[in-house]
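Please open the model in your viewer and keep the selection panel at hand. The tour moves through two pockets, with a selection to make at each stop.

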Amino acid sequence: MYVPTAFAVTDLPKLHAFMEQHGFGMLVSQHDAIPFATHLPLLLEREVGEFGCLVGHVARANPQWRQANGQTVLAVFSGPHLYVSPTWYEAEQVVPTWNYVAVHAYGRLQIIDDAPALTAMVSRLVEKYERSMPHPWGLGEPSTFFERMLAQIVGFRVSIERLEGKWKLNQNHPEERRRKIIGALSQRADENSLEIAELMTKTIAASASNS
């Protein structure tokens with residue numbers, strides 16, 4: 001990923017927190033010598049290795065896993081994003097842009113295809129997304145139905161070897177312009193606008209504290 005210095009984030013806990021918050025990612029590998037991508041939830045194991053480890057599963061019918069074992073793959077995590085209008089700058093000689101936040105994780109993939117490991121993985125995934133429900137659903141006791149469903153997926157683990165974080169939030173513009181964008185976004189009701197406005201505010205505050 002192209003990451004200009006002004007937009008780069010390297011703080012590992014910050015990158016990990018983003019990956020956990022935006023856990024529905026995209027796994028990219030090579031299949032038949034061309035890129036192949038699957039959109040799927042990924043779980044982060046922070047304490048495994050230098051940069052952490054990702055675990056997940058794909059449908060057994062998905063051909064990606066058949067050639068991905070041992071490959072260096074890419075997992076993409078995308079956050080809030082939006083179009084930035086030049087009118088918000090209230091300045092001349094400015095152009096449109098797009099603000100967004102993303103993390104790329106690179107690492108070697110290992111297939112996990114035994115029942116106990118798959119069961120544990122699925123249980124953790126279900127627990128993560130069910131915990132906020134009024135009446136959380138659980139896997140319950142092993143059953144013929146569950147065993148049949150389990151046979152239809154293949155698990156994997158990606159040992160992260162490199163992380164890239166890009167917070168593209170107009171850091172290449174003067175603070176005055178950035179605050180005008182924040183003001184414009186704060187008047188909008190959509191989630192992306194409000195999240196980007198909050199991130200821009202935090203970025204300005206962090207710059208001030210480091211100066």
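Because the model is a predicted one, please read what follows as a description of that prediction. Start by selecting helix H4, residues 144-150, which supplies four residues, the largest share, to the lining of the second largest pocket.

Next, add helix H3, residues 115-130, which, like H4, contributes at least two residues to this lining. To complete the wall, select His-57, Val-122, Leu-125, Val-126, Trp-137 and Leu-139, followed by Ser-143, Phe-145, Phe-146, Met-149, Leu-150 and Ile-153. The space that these residues line comes to about 210 Å³. If you now colour the selection by residue class, you will find ten nonpolar residues and two polar ones, with no charged residue in the lining.

Now clear the selection and turn to the largest pocket, which holds about 280 Å³ of space. Which elements give two or more residues to its lining? They are helix H1, residues 12-21, and helix H6, residues 191-210, and of the contributions to this lining that of H6 is the greatest, at five residues.

With both helices shown, select the lining itself: Lys-14, Ala-17, Phe-18, Gln-21, His-22 and Pro-80, then Trp-167, Glu-195, Glu-198, Leu-199, Lys-202 and Thr-203. Colouring by class here gives five nonpolar, three polar and four charged residues; among the lining residues to label are Lys-14, Glu-195, Glu-198 and Lys-202, which count as charged.

As a last view, display both linings together, so that the one with no charged residues can be examined beside the one with four.

How values were computed. Residues numbered from 1 in each chain as written. Predicted model: local features only at pLDDT ≥ 70, side-chain atom pairs only at ≥ 80, totals over all residues. Heavy atoms only, no water. 1 Å grid on protein atoms, 1.4 Å probe; cavity = no way out; pocket = protein on both sides within 12 Å on 5 of 7 lines; lining within 4 Å. Points joined across faces, edges and corners; volume = space filled by probe spheres on them.
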